[in-house]
Amino acid sequence: MATKLGDMLVKAQLITEAQLEDALKIQRREGGKLGGIVVRQGFCSDQDIVSFLGMQYGVPAADLDQWPLIEASIIALVPAELANKHKVLPLQRSGNVLTLAMSDPTDIFAMDDVRFHTGYNIDPVVASEMGLTRGIERYYGGSSGLRLREDLYSSKKGQSAAPEASGQATQFNAAAFDEAAGEALDLKDLEAELSDEDTEYETFTEEENINAAALAKGGEEAPVVRLVNTVLVEAIRKGASDIHIEPYEKLLRIRFRIDGLLTEVMRPNIKLKDPVTSRIKILAKLNIAEKRLPQDGRIKLRVNLGGQQKVIDYRVSILPTLFGEKIVLRLLDSDKLMLDLTKLGFEPESLVQWDRQIEKPYGMVLVTGPTGSGKTNTLYSSISKLNKTDVNIMTAEDPVEFNFAGINQVQMKEQIGLNFAAALRSFLRQDPNIILVGEIRDFETAEIAIKASLTGHLVLSTLHTNDAPSTISRLMNMGVEPFLVATSVNIICAQRLVRRVCAKCKAPDPHQPPPEALLKIGFTEAEVKKGITVMKGMGCETCSHKGFKGRVGLYEVLEMSETLRDMILTGASAMELRDQAIKEGMITLRRSGCRKVLDGVTNIEEIVRETVL
């Protein structure tokens, strides 16, 4: 942008080539915007640049030094932090349009940010950078500016900058948040503070008229902002995968899903129910006045944790319940995405089979398991390994959780008819080599996917079944002919996630199970005779004294053989297919779990909870 502006100023003969070179050298050495440097060096006047930019962009030019006194109510619409961040100044309001002075009237991110905070449409006018600096200092500097900041962002303990939701990831400095709060973030302390019965919050019942302005105001109250900020950041720190905010008749409960299990973290005052819901809706750009229908949205934040920048997506789902709207936020942290198949938990022989089948040029590769069992991670790891410049990979996902360079990813939109079946039909006209279908939900999607796998494409997808052999029955129950299933499916992987015993504090369990119990669980006689030492996490700071830290996958990989294909054609049951697959060397989910216990990775309670014999 700087070079472009410089070239335009030279072309308009406002500065010379030599002056542009001098200004660029200063910019490289000292930083700052080129327009301000040109004015400071005396190459041209402030007003010359403003008039030129106004004509160039087709927007009015404003001389802020000559502008009439701006009303305090107009200044109060834009927080001081926002005005300083984007170097903008609100000038006047007409209806739902706010006139905004800015040095770059093409800065759509600044306009979106102000539009989000104020709720008004933005009418930009161009002003000089130095004029804006003086204007911001005049209207926001000193005690008046301090009052504006306090009104919008302060709390009982101090100041907390609210994370903004916009098209771009927004900056939220957790370290500064801690410092402003005067102590390390503690959900229990915050819970006690916000449970003060003397604190009044506006609440709403279903029978009352819904006032969108009052809802928005409630969502911007300082304690509410602080509570939501704390929950969002603390969920990242604790390694949570989901945040549940649940309203009941007489309480509001917040729970984190950590390593697959829900843990209650706080119970704020029930009066905070509607303001918290409104705050999250504002961040996710949802309709705060709509309380009767489910809504889905997304919050994207850039968070500074311990000096490390992290971009976190929160997938927001809001569902009306009997006593209010339940909110579930799914955390999508790209840093936690494991793309190395060797580290997911595959047994060596199962991984050899999986690698062999995903390298084939055509056929169907299926991953099955319940929601939250790591299916998406396995598929992403597989296509990441296959992602090369000579391969066209296309994915249909609902939703797209992580984006990858070199892979064409399509977000499903059921409301406009873009479902998996429609996307698959279009994919076949896009010359694909590999197709990933987020989920096979119906006969239409299954039929198109199978036909694609039989016409020279490798198709990867997921199904919801209990184990690998029952996937065959599930496809046929959808209406797919047995001969199509037998000829198209290359390999099926069923999987579960179990908690890892904390590596820092694990030690032999003082209560080792007897040999008879080990045999019933699924260990072989040879393993029991050799001796099995079950490990247990004793509890430490690393695992928050839970004994578990992280999760590992259990995998049941069924590679199709000629015998299994023949059995499918003759109508064999899932149990018969399972018995034959075990004879051919398939490692079941329970046996995969037993191996993890032998390796000291997990314990018996975990594999019994997630698998059956």
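In which loop is the place of Asp-259? In this predicted model, Asp-259 is placed in the loop that runs between strand S6 (252-258) and strand S7 (261-266). The phi angle of Asp-259 is near 55°, which is a positive value in a residue other than glycine. Asp-259 has a relative accessible area of 17%, and it therefore counts as buried, the limit for that class being under 20%.

A positive phi is also found at Ser-544, where the angle is about 55° although the residue is not a glycine. The place of Ser-544 is in the loop between strand S18 (535-537) and strand S19 (548-559). With a relative accessibility of 47%, Ser-544 counts as partly exposed, whereas Asp-259 is buried. A further loop, between strand S12 (393-397) and strand S13 (408-411), contains Pro-399. The peptide bond that joins Asp-398 and Pro-399 is cis, with omega at about 0°.

The protein as a whole may be described next. Its secondary structure comes to 26 helices and 19 strands, and of its 613 residues 51% are buried. Among the contacts with a separation of 6 or more, 65% are accounted for by residues that stand 24 or more positions apart.

Several pairs of helices were examined. The axes of helix H17 (residues 420-427) and helix H18 (residues 443-454) come within 8 Å and cross at roughly 20°. Because angles under 35 degrees count as roughly parallel, H17 and H18 are roughly parallel to each other. The crossing of these two helices, H17 and H18, is left-handed. On the side of H17, the contact involves Phe-420, Ala-421, Leu-424 and Arg-425, which meet Glu-444, Thr-445, Ile-448 and Ala-449 in H18. By class, the residues of the contact between H17 and H18 divide into five nonpolar, one polar and two charged.

One residue of this contact, Arg-425 in helix H17, can be followed in more detail. At 37% relative accessibility, Arg-425 counts as partly exposed. When its neighbours within four places in sequence are left aside, Arg-425 is in contact with Glu-444 and Ile-448. The C-alpha atoms of Arg-425 and Thr-445 are separated by 9.4 Å, and these two residues are 20 residues apart along the chain.

A second pair consists of helix H15 (residues 348-358) and helix H16 (residues 375-386), whose axes come within 11 Å and cross at roughly 55°. That angle makes H15 oblique to H16, and H15 passes H16 in a right-handed crossing. The contact is made by Trp-354, Asp-355 and Ile-358 of H15 together with Thr-378, Ser-382, Lys-385 and Leu-386 of H16. Sorted by class, the contact of H15 with H16 has three nonpolar, two polar and two charged residues.

In a third pair, the axes of helix H19 (residues 469-478) and helix H24 (residues 574-583) come within 8 Å and cross at roughly 145°. The crossing of H19 and H24 is right-handed. Here Pro-469, Ser-470, Ile-472 and Ser-473 in H19 meet Ala-574, Leu-577 and Arg-578 in H24. The contact of H19 with H24 has four nonpolar, two polar and one charged residues.

Two buried residues with polar side-chain partners complete the description. Thr-230 has its place in helix H13 (residues 222-237), and at 1% relative accessibility Thr-230 counts as buried. A polar atom of the side chain of Thr-230 lies 2.6 Å from the backbone oxygen of Arg-226.

The other residue, Asp-313, lies in strand S9 (residues 308-321) and is buried, with a relative accessible area of 15%. Apart from its neighbours within four places in sequence, Asp-313 is in contact with Arg-298, Ile-299, Lys-300, Arg-330, Leu-331 and Leu-332. With one of these residues, Arg-298, the side chain of Asp-313 is joined by a polar contact of 3.4 Å between the two side chains. The C-alpha atoms of Asp-313 and Arg-302, which are 11 residues apart along the chain, are separated by 8.9 Å.

Note on methods:
Residues numbered from 1 in each chain as written. Predicted model: local features only at pLDDT ≥ 70, side-chain atom pairs only at ≥ 80, totals over all residues. Heavy atoms only, no water. Axes fitted to C-alpha atoms, helices over the stretch in contact; angles between N-to-C directions. Helix = DSSP H or I, 4+ residues; strand = E, 2+ residues; numbered from the N terminus. Parallel < 35°, antiparallel > 145°, perpendicular 65-115°, else oblique. Left-handed = near helix turned anticlockwise from the far one by under 90°. Contact = heavy atoms within 4.5 Å. Nonpolar A, V, L, I, M, F, W, Y, C, P; charged D, E, K, R; others polar. Buried < 20%, exposed > 50% of the residue type's maximum accessible area, 1.4 Å probe, protein only. Polar contact = N/O pair within 3.5 Å; in protein donor to acceptor, adjacent residues only side chain to side chain.
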